[in-house]
Structure formats: structure tokens, C-alpha cells
Amino acid sequence: MIARSRLELFWKKYPDSEQQLKSWYHEAKRASWQTPQQIKAQYRSASILKGRRVVFNICGNKYRLVCEVVFGQGILFIKFLGTHKRYDAIDAETHDEPPEAD
């Protein structure tokens, strides 16, 4: 389960991210990741962080998507979705953004 609405709000603001976010959403929705290594096998550029968090690069690393993954249950919580510049200003291991923020 992934909140697609959060992704839609973002791609409306940044239209160049739409196709990659849609592709990521469909792949992640079908995935049944049991371990961080399975995510790395599918997304080699993903970064595994503490606290079950994973950073996905979107649009050639122009944007960053930080999710908390509940392994084995198919649940991903979007903790941050924004530009790489904004990502550089946060601590991705602890930062949570409200859904209305980008």
C-alpha cells in the first residue's frame, strides 16, 4: 500500500517527474520486498538507511523519494519527496514531511 495521492501532488508541481513516479509506483506496488537487499537488487541506485528507510532517485537523481518500508507487508510510507537540493537540507533518517509539502 502506497499513497499515490502524494505522488500525484508532486508530479503536478514537477511534471517532468510524472512518468518515473508512475513507473516507480507500479513497480513498488507489485513488489513483495522482504529485505533491503531485494530493493537494492531492483534499484541499484537506491540508498538503504536506518529505520527501514530507503532513498530512491527519481529523474536521474533530480528528485529524491524517501520511504519507510514495512518489509514483507507491502507497505511503504512516503517520508519525503522533493528536489535533490531540498533533500540535501534534511536528515533523511529522521525527517518526516506532511503530505501537503513537496
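1. For residue classes here, Ala, Val, Leu, Ile, Met, Phe, Trp, Tyr, Cys and Pro count as nonpolar, Asp, Glu, Lys and Arg as charged, and the others, Gly among them, as polar. Heads-up: this is a predicted model, with local features needing pLDDT of at least 70 and side-chain atom pairs pLDDT 80 or more, while totals for chains, interfaces and linings use all residues. Numbering runs from 1 along each chain as its sequence is written, and side-chain values use heavy atoms, without hydrogens or water.

2. Have a look at the helix pair. α1 (residues 4–13) and α2 (residues 18–30) pack at about 170°, axes 9 Å apart; helices are DSSP runs of H or I with at least four residues, strands E runs with at least two. Angles go from 0 to 180 degrees between N-to-C directions, on axes fitted to C-alpha atoms over the stretch in contact. α1 and α2 are therefore roughly antiparallel (over 145 degrees).

3. Who touches whom? From α1, R4, L7, F10 and W11 meet E18, L21, K22, W24, Y25 and H26 of α2 (heavy atoms within 4.5 Å). That contact splits into six nonpolar, one polar and three charged residues.

4. Now the cavities (points on a 1 Å grid where a 1.4 Å probe fits but cannot get out; lining residues have an atom within 4 Å of a point). The whole structure has one of 30 Å³ or more, and the largest holds about 40 Å³, volume being the space filled by probe spheres on the points.

5. Lining the largest cavity are A31, S32, W33, V69, V70, G72, G74, I75 and L76. β3 (63–70) and β4 (75–83) are the elements giving two or more residues to that lining. By class, the lining has six nonpolar, three polar and no charged residues.

Terms used
Angles under 35 degrees count as roughly parallel, over 145 as roughly antiparallel, 65 to 115 as roughly perpendicular and the rest as oblique. On a 1 Å grid over the protein atoms alone, a cavity is a set of points where a 1.4 Å probe fits but cannot get out, and a pocket is an open set with protein on both sides within 12 Å along at least five of seven lines; lining residues have an atom within 4 Å of a point.
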